[in-house]
Amino acid sequence: MELLKKYHLSECAKIVSASIPGEKSKVLLKLQSEIEGSVVSYPKSMPIAIKRAKGSIIEDVDGNQFIDFFGGCGVLNVGHGNEYVLDYVKEQQTELIHALDFPTENKLDLIQLILKNLPTEIQEEYKVSFGGPTGSDAIEAAIKLAKIKTGRDGIIAFTGGYHGMSSGALAVTSDTFFRNKLTSLIPNVSFAPYSYCYRCPFSKNSDSCEFECVSHFEWILNTAHSGIVKPAAIILEPLQGEGGNIAPKEGYLERIVEIAHKHDVIVIFDEVQSGFFRTGKFLEFMNTKAVPDIVTFSKGFGGIGFPISGLIYRKSIEAWKPADHIGTFRSNQVSIAAARGAFDFIDEYEIEKYTESIGCYLMEKLKELEAENPFIGDVRGKGMMLGVEFVKDKITKEPFPEYLKELREECFQRGLLFEVGGHYKNVMRLIPPLITTSKIVDEAIEIMKEAIKVRMEKYLESVL
């Protein structure tokens with residue numbers, strides 16, 4: 001869409017320094033290592049100091065411009081520094097910034113926008129509650145609400161799921177890397193297999209699959225000898241992010257929800273990353289017939305990076321009493337204004353349709369790479385939330401994280417940023433702004449091709 005071009009700093013990468021990181025970035029990176037805590041992670045794999053950004057382009061302090069297919073970890077749905085959204089922000093800043101949970105026209109307008117974007121037939125059945133500023137806050141609130149409503153304590157989460165870093169959110173996150181140094185989190189959390197068809201835990205393929213992962217989940221709830229007491233809720237991402245941008249098999253979510261509801265178990269869909277039009281629809285579950293009881297939201301709802309989070313939940317499970325869940329920075333008025341601006345931008349520029357079309361275009365280009373490259377085992381996802389899984393052999397599917405690590409560095413040196421995730425850290429996770437133009441996609445693909453060619457030559461040299 002030609003109209004979106006003006007919302008970007010440029011439409012291509014531009015490397016002007018003699019090396020990456022450049023000299024100015026090196027100075028700031030060194031200072032950061034000296035005065036900021038060592039928990040810093042992103043600059044370790046993408047060592048730059050950022051000066052400014054607009055749309056899908058980031059510029060570092062040395063004047064290098066990078067194509068951002070990382071999108072602030074899926075936050076910048078309508079791009080960096082979108083002026084359309086900033087107009088809403090500037091107006092709100094002159095009126096009111098902090099209002100705790102008092103009613104404001106600003107906040108109530110956003111709630112109505114959120115509900116209006118749900119499927120028409122269920123709009124009247126839901127309400128909205130804001131939490132602290134992060135996705136983890138929303139997860140904590142959802143778990144608390146489910147426990148209060150049911151009077152039960154347990155939670156069933158799913159393998160490959162990522163839900164945040166606070167105690168409750170981390171407890172329902174399956175990646176043991178984040179948990180192996182912590183001896184205790186919230187208790188009574190169990191895990192069931194997610195629908196990861198490329199690496200089916202039941203050794204099935206598309207032809208032989210009979211939803212064994214669903215049958216296993218049903219068995220857990222049906223038998224008294226599964227070792228898992230009837231939980232308050234289940235929590236899962238309708239399209240997994242950190243786990244490798246995994247879209248479950250069609251029909252999986254509907255079956256899981258049906259089984260949970262049959263056993264009076266609350267269903268929480270974590271749409272922190274898959275929500276706010278990232279996969280085309282307002283929320284990913286709207287691409288299916290599955291309907292959750294609670295949806296957690298954050299990330300993209302802030303439009304251009306303003307922190308916001310909350311729950312969309314059925315009125316029938318309302319169990320809060322005043323002050324049952326509080327937070328000083330819930331429903332920040334500036335973040336809410338940014339969310340309203342992002343909603344209006346998406347409506348005016350028809351970003352819902354555009355996300356589907358540009359996502360299909362990017363997927364098509366990635367599929368072409370898959371056909372040419374012996375190390376790309378799977379390309380998957382939806383909209384602008386796509387994953388490319390690298391393997392040593394397409395038959396054995398042995399993970400190839402070391403290859404992707406080197407490929408990422410080659411892309412970085414040429415001006416392309418992306419995240420790495422997956423069960424084996426072998427998945428290229430692409431979550432660019434939804435306003436990314438086809439020209440930017442083409443430029444990114446060309447960088448990937450160049451990087452792949454260089455890595456292939458080096459790989460062949462190493463094995464010959």
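Two strands count as paired if DSSP finds at least two bridges between them. In this predicted model, strand 1 and strand 2 meet that condition, with four bridges in the antiparallel sense. Seven other-numbered strands are covered below under the open sheet, whose order is 4-10-9-8-7-5-6. Helix 5, some backbone exceptions and two cysteines complete the briefing.**Strands 1 to 3**

- Strand 1 covers residues 50–54 and runs antiparallel to strand 2, which covers residues 57–60.
- Ile50 has Asp60 of strand 2 as its bridge partner.
- Two residues separate the strands in the hairpin of strand 1 and strand 2, where Gly55 has a positive phi near 65°.
- Strand 2 is also joined to strand 3 (residues 65–68), in the antiparallel sense, by three bridges.
- Across this second pairing, Ile58 is matched with Phe66 in strand 3.
- The hairpin of strand 2 and strand 3 has four residues between the strands, and Gly63 in its turn takes a positive phi of about 90°.
- Strand 2 is covered on both faces: Ile57 and Glu59 are buried on one side, Ile58 and Asp60 on the other.

**The open sheet**

- The pairing in the seven-stranded sheet is mixed.
- Strand 4 and strand 6 (189–192) are the edge strands; each has a single partner strand, so one side of each lacks a neighbour in the sheet.
- From one strand to the next, the twist averages 20°.
- Within the sheet, strand 7 and strand 8 (residues 266–270) are parallel and share four bridges.
- In that pair, Ile235 is opposite Ile268 of strand 8.
- Helix 8 (residues 212–222) packs on the sheet and touches strand 5 (155–158), strand 6 and strand 7. The direction of helix 8 makes about 170° with that of strand 5.
- Helix 9 also packs on the sheet, in contact with strand 5, strand 7, strand 8 and strand 10. The direction of helix 9 makes about 150° with that of strand 8.

**Helix 5**

- Helix 5 has 12 residues (105–116), which at 1.5 Å a residue should span 16 Å; the end C-alpha atoms are 16 Å apart, so the two values agree.
- Asn106, Lys107, Leu110, Ile111, Ile114 and Leu115 are the buried residues of helix 5.
- Viewed down the helix axis, these buried residues fall within an arc of 165° and so line one face of helix 5.
- An α-helix has 3.6 residues a turn, so residues three or four places apart point the same way.
- Glu105, Gln112 and Lys116 are exposed on the face of helix 5 turned away from the buried side.
- The buried residues of helix 5 pack against two helices, helix 4 (83–93) and helix 10 (333–348).
- They also pack against strand 4 (126–130), strand 9 (294–297) and strand 10 (310–314).

**Backbone exceptions**

- Most residues other than glycine have a negative phi, and most peptide bonds are trans.
- The peptide bond from Ile20 to Pro21 is cis, with omega near 5°. Pro21 is in the segment before helix 1 (23–35).
- Asn245 is not a glycine, yet its phi is positive, at about 50°. The residue sits in the loop between strand 7 (233–236) and helix 9 (252–262).
- Asn245 has 0% relative accessibility and therefore counts as buried.
- Ala323, also not a glycine, has a positive phi near 75°. Its place is in the loop between strand 10 and helix 10.
- Ala323 is exposed because its relative accessible area is 61%, and the cut-off for exposed is over 50%.

**Cysteines**

- The whole structure contains zero disulfides.
- The cysteine sulfur closest to that of Cys197 is in Cys209, 5.7 Å away, which is too far for a bond; a disulfide requires the two sulfur atoms to be within 2.5 Å.
- Cys209 is in no disulfide either, and its nearest cysteine sulfur is that of Cys197.
- Cys197 has 42% relative accessibility and so counts as partly exposed.
- Cys209 is also partly exposed, at 21% relative accessibility.

Key
Residues numbered from 1 in each chain as written. Predicted model: local features only at pLDDT ≥ 70, side-chain atom pairs only at ≥ 80, totals over all residues. Heavy atoms only, no water. Expected span 1.5 Å × (residues − 1). Buried < 20%, exposed > 50% of the residue type's maximum accessible area, 1.4 Å probe, protein only. Arc of directions from axis to C-beta. Contact = heavy atoms within 4.5 Å. Axes fitted to C-alpha atoms, helices over the stretch in contact; angles between N-to-C directions.
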